[in-house]
Amino acid sequence: MAKTSEPTVIKKYANRRLYNTGTSTYVTLEDLAVMVKGEEDFVVYDAKSGEDITRAVLTQIIVEQEGKDGQNLLPITFLRQLIRFYGDSMQGLVPGYLEFSIASLTKEQEKLRSHMSGAFSSTALEAIEEQVKRNSEMFERAMKMFLPFGLGGAGVPPSTDAVDAAAARSTPASSSDLDDLKQQLASMQKKIDALGSDKT
């Protein structure tokens, strides 16, 4: 089905059947997963109440995909920590952080794929770990800028210099970022090795 500017409407009936109003056919969760992978937008409504249940259906798709052998994306530790955030004071920040992180990973996916072509190298793992670390730091700085009295510490807004530094660091990554990261990691490793040799 061709992509349109308007999301496709999916209706869910009491018998749990899903009806695609765009193609006038019944569909499965697997069909909806294919639509998501094809970047075809859709919304799901309860056929009786008219309630938007898109979030619940997308969650069901994830559960179904996680149930397939060899397709697990969500580590158990991540799932447990995510559950702990429900009802926690940090709950409001979690959706923004997750969206920020996945958007960053999506943006950098071609670079990461090039590192992982052939064998899954340690270089690729280092790049992923560094990307996660950078996401955390950038998100924390962004939160301090927008919520200075919530996360800024002691109710004190960040200084102008801190805001400028955060803004400068949050600019889009250049194509040589991974090379710079490799050099920084190599430099840090040399320092660690030097410290180790001094102690012996």
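How many salt bridges does a search of the whole structure find? The answer is one, and we'll get to its two partners below. Keep in mind that this is a predicted model.

**The overall plan**

Let's start with the whole protein chain. It has 200 residues, and 21% of them count as buried. You'll find eight helices and four strands in it. Read from the N terminus, the elements go β-β-β-α-β-α-α-α-α-α-α-α. The chain exposes about 14,300 Å² in total, with carbon and sulfur atoms supplying 58% of that area. Now take the contacts between residues at least 6 apart in sequence: 48% of them join residues at least 24 apart.

**The sheet**

Next, the strands. Four of them make an open sheet in the order 3-2-1-4, and the pairing is mixed. Strand 3 (25-27) and strand 4 (42-46) are the edge strands, and each has a single partner strand, so one side of each has no neighbour in the sheet. On average, neighbouring strands are turned by 35° against each other, direction ignored.

Follow strand 2 (residues 18-20) and you'll see that it runs antiparallel to strand 3, with three bridges joining the two. In this part of the sheet, Asn 20 stands opposite Thr 25 of strand 3. Helix 2 (residues 54-66) packs on the sheet, where it touches strand 1 (8-12) and strand 4, and its direction makes about 110° with that of strand 4.

**Two residues to look up**

Thr 54 is a good place to see helix 2 at work as a neighbour, since this residue is found in that helix. Is Thr 54 buried or exposed? With a relative accessible area of 12%, Thr 54 is buried. Leaving aside residues up to four places away in sequence, Thr 54 touches Phe 42, Val 43 and Val 44.

Val 43 also turns up beside Val 9, a residue of strand 1. The C-alpha atoms of Val 9 and Val 43 are 5.2 Å apart, although 34 residues separate them along the chain. Again not counting residues up to four places away in sequence, Val 9 touches Tyr 19, Asn 20, Thr 21, Gly 22, Val 43 and Tyr 45.

**The salt bridge**

Back to the opening question. Lys 68 forms a salt bridge with Glu 30, and their closest N and O atoms are 2.6 Å apart. Lys 68 sits in the loop between helix 2 and helix 3, while Glu 30 belongs to helix 1 (residues 29-37), so the pair ties together parts that are 38 residues apart in sequence.

**Partly exposed residues**

Here are some residues that count as partly exposed, with their values.

| Residue | Relative accessible area |
|---|---|
| Val 9 | 27% |
| Lys 68 | 29% |
| Glu 30 | 30% |
| Phe 78 | 31% |

**A patch on the surface**

Phe 78 has its place in helix 3 (residues 76-85). Which residues form a nonpolar patch on the surface with Phe 78? They are Leu 79 and Leu 98, and together the three have about 200 Å² of accessible area. Patch members need over 30% relative accessible area, and Phe 78 has 31%.

Key: Residues are numbered from 1 along each chain as its sequence is written. This is a predicted model: local features need pLDDT of at least 70, side-chain atom pairs count only at pLDDT 80 or more; totals for chains, interfaces and linings use all residues. Side-chain values use heavy atoms; hydrogens and water are left out. Two strands pair if DSSP finds at least two bridges between them. Axes are lines fitted to C-alpha atoms, for helices over the stretch in contact, and angles run from 0 to 180 degrees between N-to-C directions. Contact means heavy atoms within 4.5 Å. Patches are made of residues with over 30% relative accessible area and no salt bridge: like charges are joined within 9 Å, nonpolar side chains (Val, Leu, Ile, Met, Phe, Trp, Tyr) within 5 Å. Accessible areas come from the Shrake-Rupley method with a 1.4 Å probe; for residues, only the protein chains shown count as cover. A salt bridge is a side-chain nitrogen of Lys or Arg within 4 Å of a carboxyl oxygen of Asp or Glu. Buried means under 20% relative accessible area, exposed over 50%, partly exposed in between (1.4 Å probe, protein chains only).
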